[in-house]
Amino acid sequence: MSLAAIDWNSLFGSVFVFDNYGELLSLLRNSVWAGAVLGLVGGLVGTFVMMRDLAFSVHGIAELSFAGAAAALLIGADVVTGSLVGSVLAALIMGFMGLRAREGNSFVGVLMPFGLGLGILFLSLYEGRSSNKFSLLTGQIVSVSSLQLTSMIVLSVVVLATLLVVWRPLTFASTDPLVAQAKGLPMRSLAIVFMVVLGISVAMSVQIVGALLVLALLITPAAAAMNLTSSPARTVVLSVVFAELAMVGGILLALGGNVPISPYVTTISFAVWLVSRCVRAVRERSSSYRRTTTPRSTTPLGAGGAVQNRTRTAAGSTLSEAGSGPSRSPSP
Amino acid sequence: MNAPEPAPEVTTRSGADDAVVRLRDARLAFGDRTLWSGLDLDVAPGEYLAVLGSNGTGKTSFLRVLLGLLPLTSGTVRVNGTRPRAAAARVGYVPQQRGFPARTPLRARDLVAQGVDGHHWGIRLHPRRVHRTVDELLERVGATDYADAPVGVLSGGEQQRLRVAQALAADPTLVLCDEALLSLDLHHQHVVSELVHEQRERSGCAVVFVTHDVNPIIEHVDRILYLANGSFRIGTPDQVLRSDVFSELYGTRIEVLRSNGRILVAGRPDSSHHTDSPEELIP
């Protein structure tokens with residue numbers, strides 16, 4: 001028996017604990033429900049985050065949500081309220097300041113370290129239990145109170161109802177902003193509304209998976225879904241399924257142990273993404289639809305368009321034949 | 001005063017009452033720079049107006065005024081007899097081809113579907129009805145074969161076909177094209193240009209086509225609005241695309257040559273191409 005083997009066993013033993021699992025499950029039912037609610041919200045909001053290319057903003061909002069929660073902890077206020085105030089405020093500021101992606105990103109980059117710094121300041125002033133401090137950043141060891149669960153359900157109803165109302169215009173504005181604007185959609189209001197929705201979702205996620213790992217819930221499932229399909233409806237369904245898998249699966253695995261939920265959630269989430277990426281790679285190799293190797297958006301003055309279209313034009317084929325040819329574009 | 005000759009009321013095809021676009025004494029200025037002023041223009045149903053001019057003359061701004069995204073500095077603009085903003089539902093817009101990020105979760109048919117009901121609130125309650133409408137629109141522009149392909153993998157020409165279908169989804173009285181042929185090869189310029197023309201013939205909508213190069217559309221154009229140096233000319237291609245008109249507009253000797261049906265301009269001070277970035281239209 002080597003020492004390493006013993007260490008390995010004890011490590012495994014503390015990561016996967018299933019003693020008295022049934023009892024624990026009934027005791028910690030709240031956490032599982034919270035995970036399910038969060039998975040639904042995360043999967044839905046995540047697809048819009050991906051469409052709007054807001055991954056960085058999500059991270060920034062999470063840091064300010066952390067600052068808000070830390071401030072609440074310090075002054076003895078409700079932590080959930082604190083993180084909610086922090087993240088909605090951050091989301092609103094970002095919504096008003098940086099509607100363009102490029103400006104927005106630098107603005108988030110400015111705001112994020114400030115939020116994190118504030119949070120660390122508040123935490124170092126706080127003299128309560130240190131596990132409280134840690135859980136804000138990296139997620140908690142399973143314990144969701146009924147009150148917490150209720151507030152999460154209320155918040156997710158708000159998020160879901162809002163998303164349902166703005167669903168089509170928000171999708172339009174997110175995927176095709178120029179035409180959506182020409183159609184008369186209120187781009188600015190839609191952006192602000194979505195930022196508020198995002199702020200609420202981030203605050204909810206921070207409760208469970210921690211400020212540093214929010215992206216695993218709000219980005220990874222949607223990104224995995226987009227690897228597998230380009231149908232909007234299927235993207236949403238898959239994203240929710242993946243988020244549920246990560247959240248509920250992660251919580252079920254974490255119940256018995258004394259490790260926080262977040263590593264389980266992030267690992268499942270990443271594994272799903274990895275599989276989806278492999279599936280995409282395999283599909284593209286034996287693809288029935290064409291691939292292009294050059295991004296066409298940035299090519300000025302017809303040069304790019306001419307190159308992309310040349311294969312088809314040169315072959316003398318019309319556009320209507322385009323769908324049938326497997327990978328006619330130049331190989332990478 | 002840059003009053004066009006002849007007066008626009010005379011040149012419109014039908015009575016002025018049903019004009020799709022009506023501008024009266026319209027002036028657009030940024031700060032103390034006037035792009036154009038004293039612009040009176042009626043665009044009749046079914047009319048094809050090309051808006052030409054070099055960079056910075058307010059071509060795209062003209063389009064943005066018609067879309068209601070930019071207010072006139074003075075004067076009035078009416079689209080379908082109402083404010084441009086209120087008319088937006090019946091206006092089709094074909095933007096410059098720009099491509100989509102590779103992972104955009106839209107198929108060709110979804111892009112067109114957004115033209116059908118993307119501006120409505122709530123979620124789609126009648127997916128089958130929308131599906132049928134989209135199928136018809138795809139058929140009309142000959143895009144049926146790649147209906148289910150992701151937009152990110154389509155060529156520029158294919159995307160512009162979808163854009164035309166998307167614009168037609170509104171059953172428009174007015175189709176606005178913003179450099180819709182830019183970055184397409186000659187073959188696809190022709191294909192898309194024909195498509196716009198066909199749809200005009202079929203539905204009787206008016207077309208306002210902003211472009212830096214009139215040649216791909218010249219055979220369809222009824223009238224031209226030429227913007228230059230803060231002034232403008234309105235008239236048929238033969239009235240506007242002339243050496244004396246251009247020389248007067250630019251205040252220098254300019255030759256407009258016709259060669260094999262194509263229009264060539266020699267000596268224009270600024271003939272660089274128009275490539276605005278997507279950010280320009282977003283506030």
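Helices, in the sense used here, are DSSP runs of H or I with at least four residues, numbered from the N terminus. The model is predicted.

**Positive phi outside glycine**

In chain A, helix H3 (29–51) and helix H4 (55–75) are joined by a loop that holds Asp53(A). Asp53(A) is not a glycine, yet its phi is positive, about 60 degrees. Chain B has a residue of this kind in Glu179(B), with a positive phi near 50 degrees. Glu179(B) sits in the loop that runs between strand E6 (174–178) and helix H7 (186–203) of chain B.

The surroundings of the two residues are as follows.

| Residue | C-beta neighbours | Class |
|---|---|---|
| Asp53(A) | 13 within 10 Å | partly exposed |
| Glu179(B) | 22 inside 10 Å | buried |

Glu179(B) counts as buried because its 22 C-beta neighbours inside 10 Å meet the cut-off of 20 or more. Asp53(A), with 13 other C-beta atoms within 10 Å, is partly exposed.

**Chain B and its E8–E9 hairpin**

Chain B contains 9 helices and 11 strands. Its 283 residues are 51% buried. Of the contacts in chain B between residues at least 6 apart in sequence, 66% join residues at least 24 apart.

Strand E8 (residues 223–228) of chain B pairs with E9(B) in the antiparallel sense, over 5 bridges. Within this pairing, Leu227(B) is opposite Phe232(B) of E9(B). The two strands, E8(B) and E9(B), make a hairpin with 2 residues between them. Asn229(B), in the turn, has a positive phi of about 50 degrees. In strand E9 (residues 231–235) of chain B, 4 of the 5 residues are buried, so the strand is largely enclosed by the rest of the structure.

Notes: Residues numbered from 1 in each chain as written. Chains lettered and ligands numbered in written order. Predicted model: local features only at pLDDT ≥ 70, side-chain atom pairs only at ≥ 80, totals over all residues. Buried ≥ 20, exposed ≤ 12 C-beta atoms within 10 Å, placed from the backbone. Contact = placed C-beta atoms within 7 Å. Pairing = 2+ DSSP bridges.
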